[in-house]
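Visitor: Hey, I'm new to this one. Could you walk me through it?
Guide: Sure, let's have a look together.

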Amino acid sequence: MTNLFAYLATTLVLIVSVLYIYVKYKLSYWSKRGVKTPPVHPIFGNLKDTITFKKPPGVVLQEIYQSADPDDPYIGFYILHKPALMIRDIDLIKQIMVKDFDIFSNRVFGSVHEKDSVGLVNLLSINQPKWKYLRSKMTPTLTGQKLKKMVPLMFECGDPMLKFVDRKPADKDGWKYFELKTLSSRYATDVISSLAFGITTNSFSEDDVAFWEAGQKILAGPKRGIILLLLFFMPEVAPFIEPLTKSPAEFFRRVFWDSMNTREKVGNVRGDLIDSLLALKNGPQSKDFKFEGDNLLAQAVSFYVAGFEATSTAIAFALYELASHPEYEEKLYEEIKGVLDKGEISMDTISEMTFLDAIIAETLRLYPPLPHVDRIASRDYKLPGTNLTIEKGTTVLVSINGTNRDSRYFSEPTTFNPLRKKNEQYDFTGSFAFGVGPRSCVGQRLGMLITKVAVITLVMHYKIMFRPDKEKLLNPLSVFTNAADGVYVHFRRRENKETEK
């Protein structure tokens with residue numbers, strides 16, 4: 001018994017020693033290269049608070065960004081024991097994400113595992129060279145002329161939203177209490193189901209919430225939150241969690257093919273994504289990527305996933321900031337009213353609303369839906385102006401929260417100020433919400449339009465007020481910018497003739 005105990009103790013000491021040496025070796029990667037890092041946890045690296053669900057990754061990455069010296073162009077960190085490099089200098093970000101895109105064209109999300117039940121075979125995650133081909137085919141689906149035809153469909157989806165707000169009981173002063181992310185996500189669902197799936201839904205009716213609930217299964221809830229965290233930061237585990245991700249796709253697969261088959265049979269043209277996908281399905285095919293089966297479904301699902309989260313987040317926080325700043329709300333209302341006085345609102349007249357542009361840009365600066373951008377080096381790369389070589393396979397990341405709240409680039413960076421003076425850096429960082437460089441979101445203009453139409457609809461009909469009775473903490477179980485307990489404001493009907501139009 002004594003010999004057995006001694007043997008087990010010796011074995012345990014040996015295992016611990018080997019693990020200790022292994023961890024010390026793995027976590028010395030950046031120090032050997034003279035790159036600063038924040039304090040590192042021996043097991044979780046620098047993402048301990050994310051892995052233990054204390055803080056969302058956007059906040060943790062922002063803290064890593066801010067732990068560097070103010071003028072440091074980059075800082076190293078670890079995802080568990082895997083080294084990653086965060087770029088902090090605007091010029092280096094442009095160099096990597098734009099000028100040297102051929103080296104940094106692939107994302108961590110999806111990695112080499114280009115399959116998933118909700119469709120990783122799309123522009124969000126597909127790798128080169130398939131990405132370039134797919135991008136060339138999907139870009140024409142969102143031309144300016146096609147977007148113009150979609151604007152009336154967006155306003156149609158605003159009518160049920162207005163009726164939903166009107167139905168809610170008001171307090172004695174006429175104010176109605178709402179959680180904005182729920183309101184905006186229902187609106188986004190109706191718009192995107194119309195544009196991407198070719199069907200009409202009313203997510204504001206409890207009898208027609210199937211599409212909205214299916215979207216919640218993809219993007220909401222603790223289980224899906226953990227799955228998305230793994231896919232974004234540890235894609236190596238994708239094959240092992242695939243069985244957990246199958247069910248959300250079945251609803252979308254059925255709805256999508258019902259719509260595709262009906263449209264093809266009837267032959268009517270609606271000006272939405274289904275029309276474009278039918279053209280791709282029946283057009284010439286590449287041997288490397290065929291527009292058929294789940295490859296087609298993945299494109300519609302990617303529009304839904306990206307559009308749903310980005311637009312509903314932008315709408316919610318734009319309205320929140322307007323409620324918190326009544327002077328900006330009134331200025332925006334007057335701008336919208338001025339356009340309405342000239343006639344009907346269209347894509348062209350929306351483009352005239354410069355203050356609305358500023359409101360949305362400032363909202364996206366402070367509340368980017370996806371608060372980081374990442375790339376993988378496809379070969380060894382000497383970082384310009386430095387002695388550092390980024391090795392092939394290394395993750396390179398930009399903290400959008402960190403960059404957009406950096407006093408080097410913005411005065412009073414945490415203040416919501418749509419009147420701030422525009423400059424080259426602002427214009428560049430403002431696009432971070434939709435990605436950077438050639439791999440920026442193909443649906444950026446569509447997402448902005450959906451957001452603007454929702455804000456126009458609500459501001460034109462309601463005054464908005466913020467009451468600080470809810471603390472706006474971010475959800476730690478989400479890779480996206482989400483308030484854990486919601487974003488709450490009050491609405492009250494405006495009394496003017498324009499709201500009757």
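Guide: One term before we start: contact means heavy atoms within 4.5 Å. Also, this is a predicted model.

Visitor: Okay, so which strands does α8 lie across?
Guide: α8 lies across β3 and β9, and it runs at about 70 degrees to β3.

Visitor: What order do the strands take in that sheet?
Guide: The sheet is open and has three strands, in the order β3-β9-β8, with antiparallel pairing. β3 (176-179) and β8 (462-465) are the edge strands, each pairing on one side only. On average, neighbouring strands here are turned by 35 degrees against each other, direction ignored.

Visitor: How many bridges join β3 and β9?
Guide: Four bridges, with the two strands paired in the antiparallel sense; β9 covers residues 488-493. If you want a spot to zoom in on, Tyr-177 stands opposite His-490 in β9.

Visitor: Back to α8. At what angle does α7 pack with it?
Guide: About 145 degrees, with the axes 9 Å apart; α7 is residues 144-167 and α8 is residues 180-197. The crossing is right-handed.

Visitor: Which residues make the contact?
Guide: From α7, they include Met-150, Leu-153, Met-154 and Phe-164, and from α8, Leu-183, Tyr-187 and Val-191 are among them. By class, the contact has 11 nonpolar, two polar and one charged residues.

Visitor: New topic: what's the strand order in the four-stranded sheet?
Guide: That open sheet goes β1-β2-β7-β4, and its pairing is mixed. β1 (74-79) and β4 (372-376) stand at the edges with a single partner strand each, so one side of each has no neighbour in the sheet. The twist averages 30 degrees from one strand to the next.

Visitor: How do β4 and β7 pair? I mean, parallel or antiparallel?
Guide: Antiparallel, over five bridges, with β7 spanning residues 395-399. Val-373 has Val-398 in β7 as its bridge partner.

Visitor: And what holds strands together in a sheet, generally?
Guide: Strands of a sheet pair through backbone hydrogen bonds.

Visitor: Last one: where is Asp-72?
Guide: Asp-72 is in the loop between α4 (57-67) and β1.

Visitor: Is Asp-72 buried or exposed?
Guide: Buried: its relative accessible area is 13%, and the cut-off for buried is under 20%.

Visitor: So what does Asp-72 touch?
Guide: Leaving out residues up to four places away in sequence, Asp-72 touches Lys-36, Arg-88 and Arg-408. Asp-72 and Ile-87 are 15 residues apart in sequence and 9.0 Å apart in space, C-alpha to C-alpha.

Notes:
Residues numbered from 1 in each chain as written. Predicted model: local features only at pLDDT ≥ 70, side-chain atom pairs only at ≥ 80, totals over all residues. Heavy atoms only, no water. Pairing = 2+ DSSP bridges. Axes fitted to C-alpha atoms, helices over the stretch in contact; angles between N-to-C directions. Left-handed = near helix turned anticlockwise from the far one by under 90°. Nonpolar A, V, L, I, M, F, W, Y, C, P; charged D, E, K, R; others polar. Buried < 20%, exposed > 50% of the residue type's maximum accessible area, 1.4 Å probe, protein only.
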